[in-house]
Amino acid sequence: MATSSLAGQLAWVTGGGSGIGLAGAIELARAGCRVVISGRDPAKLEAALATARGAGVDEAAISAMPLDVGDKASVQRVAEGIQAAHGPVGILVNSAGINFPKRYWGDTDGETFDKVVAVNLSGATYCTLAVLHGMRSLGHGTVINVASFVGWHLTHLTGPAYTATKAGMIALSHSFNIEEGIHGLRATALCPGEVATPILKSRPVAPSAEDMARMLQEEDLGHTIRFIAELPPHVCINELVISPVFNRLYLGGKEFQRG
């Protein structure tokens with residue numbers, strides 16, 4: 001079997017305790033990366049490491065460092081710790097993301113909006129800034145920003161804070177490419193449609209099991225993240241939009257009804 005181009009690279013995955021982040025971490029580790037996952041809940045990270053080991057990932061290939069990406073001082077401290085232990089980060093996956101049931105203009109508030117922005121958009125910015133100069137020292141680097149289909153194709157479902165932050169992540173990715181391509185660095189705005197992950201539990205009305213079975217699955221996004229990272233270093237996918245064939249963001253569903 002041919003050796004992956006990712007063998008020996010260091011990957012840092014935020015939101016790595018579950019969902020898309022964990023699926024991406026597992027695939028990057030399978031490709032030969034040394035992976036560090038971060039998230040706010042240490043117990044959840046330990047469970048994620050056990051899941052990765054159960055999926056065949058060598059214990060030495062993946063580790064965890066707890067982190068709230070919305071805390072820029074903590075981001076800097078953790079990033080410095082990762083570099084001290086393993087060297088510069090070559091692959092950053094910004095997958096940390098939150099939303100709340102109280103999400104629509106008529107019932108949300110500024111505090112809730114601030115919490116979503118702090119994690120989804122500011123957190124991705126802080127992490128990217130923290131690894132930027134290390135990537136420049138390598139002469140290559142890949143940032144994968146897990147944005148969303150709803151930042152690319154606007155919809156009522158997710159509310160203003162989530163929608164705005166995911167659209168912002170797309171802009172963040174393009175800005176990175178405009179400035180950092182000259183240094184050999186690249187960013188992708190990964191824009192998935194509905195994915196059957198734990199964040200769906202935060203919706204005002206959760207989708208049915210039948211609908212979730214037709215959504216993208218976590219492993220689909222894990223493979224997609226690996227695909228982006230494995231492309232030759234002269235190739236940049238600026239945006240990658242991926243959705244289920246049965247795309248409810250076009251077709252609708254009972255919980256899409258507007259009151």
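## Close-up views of the predicted model

**View 1. Trp12 of strand β1 is set opposite Leu92 of β4.** The structure shown here and in the following views is a predicted model. Trp12 belongs to strand β1, and β1 runs parallel to β4, the two being joined by four bridges. Because its relative accessibility is 0%, below the 20% cut-off, Trp12 counts as buried. Ile37 lies 25 residues from Trp12 in sequence, yet the C-alpha atoms of Trp12 and Ile37 are 5.9 Å apart in space.

**View 2. Seven strands form an open sheet with parallel pairing.** The order of the strands is β3-β2-β1-β4-β5-β6-β7. The edge positions are taken by β3 (62-64) and β7 (239-242); each has a single partner strand, so one side of each is left without a neighbour in the sheet. On average, neighbouring strands of this sheet are turned by 15° against each other, direction ignored.

**View 3. Strand β4 is covered on both faces.** Ile91 and Val93 are buried on one side of β4, and Leu92 and Asn94 are buried on the other. Strand β4 pairs with β5 in the parallel sense, over four bridges. Within this pair, Ile91 is placed opposite Thr142 of β5. Leu92 has Trp12 as its opposite residue. The path from β4 through helix α4 (residues 110-138) to β5 makes a right-handed β-α-β unit.

**View 4. Parallel strands β5 and β6 are joined by six bridges.** Strand β5 comprises residues 141-146, and strand β6 comprises residues 185-192. Ile144 stands opposite Thr188 in β6. Helix α6 (residues 159-180) packs on the sheet, where α6 touches β4, β5, β6 and β7. The direction of α6 makes about 160° with that of β6.

**View 5. Helix α1 lies across six named strands of the sheet, β1 to β6.** Helix α1 spans residues 19-30. The strands that α1 lies across include β1 (10-14), β2 (34-38) and β4 (91-94). Helix α1 runs at about 170° to β1.

**View 6. Ala187 in strand β6 is a buried residue.** Its relative accessibility is 0%, and Ala187 therefore counts as buried, the limit being under 20%. Neighbours within four places in sequence aside, Ala187 is in contact with Val143, Ser173, Phe176, Asn177, Cys236, Ile237 and Asn238. Glu239 is 52 residues from Ala187 along the chain, and a separation of 8.6 Å lies between the C-alpha atoms of Ala187 and Glu239.

**View 7. Helices α3 and α4 meet in a right-handed crossing.** Two packed helices are described by the angle between their axes and by the distance between those axes. For helix α3 (residues 72-86) and α4, the axes come within 9 Å and cross at roughly 35°. From α3, the residues Lys72, Val75, Gln76, Ala79 and Gln83 take part, and they meet Tyr126, Cys127, Ala130 and Gly134 of α4. The residues of this contact divide into five nonpolar, three polar and one charged.

Note on methods
Residues numbered from 1 in each chain as written. Predicted model: local features only at pLDDT ≥ 70, side-chain atom pairs only at ≥ 80, totals over all residues. Heavy atoms only, no water. Pairing = 2+ DSSP bridges. Axes fitted to C-alpha atoms, helices over the stretch in contact; angles between N-to-C directions. Contact = heavy atoms within 4.5 Å. Buried < 20%, exposed > 50% of the residue type's maximum accessible area, 1.4 Å probe, protein only. Right-handed = clockwise from strand over helix to strand, strands pointing away. Left-handed = near helix turned anticlockwise from the far one by under 90°. Nonpolar A, V, L, I, M, F, W, Y, C, P; charged D, E, K, R; others polar.
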